[in-house]
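Me: I'd like to learn how to read a structure feature by feature. Could you walk me through one?

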Amino acid sequence: VGTLGWWIFGWAFAYGGPYYPEGHANEGALENSFIGTGGFLGIGFYEYVDGGGIKPLADGASTSTMLAWFFQWAFCTAGATIVSGGVAERVKSPTYAAYAFFMTSFIYPVVVAWTWGYGWLSSVLDVGTMDFAGSGIVHLTGGVSALAGTIILGPRTGRFERPEEFEAHNLPLVVLGTFALWFGWYGFNPGSTLGMSSMETGALAAQVAMNTTLAAATGGIAVFVIRYALLRKYDVGGLCNGILAGLVSITAGCGNMECGSAFATGLIGAFVYQGASMLLVKLKIDD
């Protein structure tokens with residue numbers, strides 16, 4: 001459902017332009033600064049040749065629009081699936097499908113248009129934004145949507161009255177899922193160099209991979225130590241969540257900082273995660 005939303009509306013709203021032409025004072029910026037207006041249903045993604053054939057790569061272009069569509073689709077659907085964990089066991093499938101369609105058709109694409117699509121946030125206060133691979137654009141957008149959903153739905157029955165019944169029941173699967181996500185992050189973050197055709201882009205991808213790895217490891221160990229200090233027990237679930245906190249934290253700046261800053265970013269992310277997790281429990285928000 002999310003894929004269809006991205007195809008019908010999402011790409012067009014996010015990257016459909018039009019953009020100011022070369023030589024204009026705002027060259028490359030989105031003309032209306034808010035939302036794209038072209039490319040619905042994949043229209044204009046390729047050219048037609050005599051006889052009715054399709055030419056997927058336009059004359060003079062180095063990459064196809066369909067390649068960009070596919071790569072950005074992965075980010076879009078990732079943002080939509082973040083919500084599933086926040087509303088687990090309380091939402092009906094048709095309702096979630098409707099949300100996924102709206103998220104990938106409008107909510108996420110508008111955020112992208114403002115930032116990666118060179119809308120108003122990309123030049124705000126003459127500073128703009130830097131989000132290399134989506135800490136805010138993907139993960140914060142999905143996280144805020146999850147928070148809104150779980151507040152509206154309310155907690156599962158007995159979640160805060162009998163909390164021991166809601167402990168993780170299969171930690172090996174939690175660990176397996178965490179490492180699957182960690183591995184997938186190497187597609188998102190180094191892949192956001194958008195090419196490795198030169199030594200420079202290859203070196204940038206390596207820098208991004210190193211920073212991503214450092215922040216993930218730091219976040220995991222930091223939360224693990226914090227939980228041990230608070231609970232006096234080894235919390236494997238906390239370790240896994242700390243890894244994800246480090247990954248999300250580094251995703252914005254992984255291409256623009258050295259390794260010491262990546263370590264600090266993972267550490268800060270761990271403390272932010274732990275504080276937010278405790279606050280959710282205190283407020284009886286069942287994430």
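Me: Which residues does T37 touch, not counting residues up to four places away in sequence?

Reply: First, some ground rules. This is a predicted model, where local features need pLDDT of at least 70 and side-chain atom pairs count only at pLDDT 80 or more, while totals for chains, interfaces and linings use all residues. Residues are numbered from 1 along each chain as its sequence is written, and side-chain values use heavy atoms, with hydrogens and water left out. Contact means heavy atoms within 4.5 Å. By that rule, T37 touches A12, G16, G17, P18 and N32.

Me: Where does T37 lie?

Reply: Helices (H or I, at least four residues) and strands (E, at least two) are DSSP runs, numbered from the N terminus. T37 is in the loop between α1 and β1 (47-48). P18 is found in that loop between α1 and β1 too, and the peptide bond from G17 to P18 is cis, with omega near 0°.

Me: Is T37 buried, exposed or partly exposed?

Reply: Buried means under 20% relative accessible area, exposed over 50%, and partly exposed in between, with a 1.4 Å probe and protein chains only. T37 has 46% relative accessibility, so it counts as partly exposed.

Me: What does D286 show on the same scale, and which side chain does it meet in a polar contact?

Reply: D286 counts as buried because its relative accessibility is 2%. A polar contact is a pair of N or O atoms within 3.5 Å; within protein, one must be able to donate a hydrogen and the other to accept it, and residues adjacent in sequence count only if both atoms are side-chain atoms. Such a contact, of 2.7 Å, joins the side chains of D286 and R156. D286 sits in the segment after α8 (259-282), and the residues it touches include G86, R90 and F160.

Me: How do I read a helix such as α5, and which of its residues are buried?

Reply: Start with the general idea: an α-helix has 3.6 residues a turn, so residues three or four places apart point the same way. In α5, the buried residues are T178, W182 and W185. They cover an arc of only 50° around the axis, which puts them on the same side of α5; the arc is that of the directions from the helix axis to the C-beta atoms. These buried residues pack against α4 (135-153), α6 (199-231) and α7 (236-250). The face turned away from the buried side carries the exposed P172, L173, L176 and F183.

Me: How far does α5 reach from its first C-alpha to its last?

Reply: The expected span of a helix is 1.5 Å times one less than its number of residues. Helix α5 (residues 171-188) has 18 residues and reaches 25 Å, close to the 26 Å expected. For α2, 22 residues reach 33 Å, close to an expected 32 Å.

Me: Which helix gives the most to the lining of the second largest pocket?

Reply: On a 1 Å grid over the protein atoms alone, a pocket is an open set of points where a 1.4 Å probe fits, with protein on both sides within 12 Å along at least five of seven lines; lining residues have an atom within 4 Å of a point. The second largest pocket has a volume of about 860 Å³. Of its 27 lining residues, the closest to its centre are Y15, Q72, Y118, S192 and L194. Helix α2 gives the most to this lining, with 6 residues.

Me: What is notable about phi at L194?

Reply: L194 has a positive phi of about 65° although it is not a glycine. L194 lies in the loop between α5 and α6, and it counts as exposed because its relative accessibility is 66%.

Terms used. Grid points are joined across faces, edges and corners, and a volume is the space filled by probe spheres set on the points.
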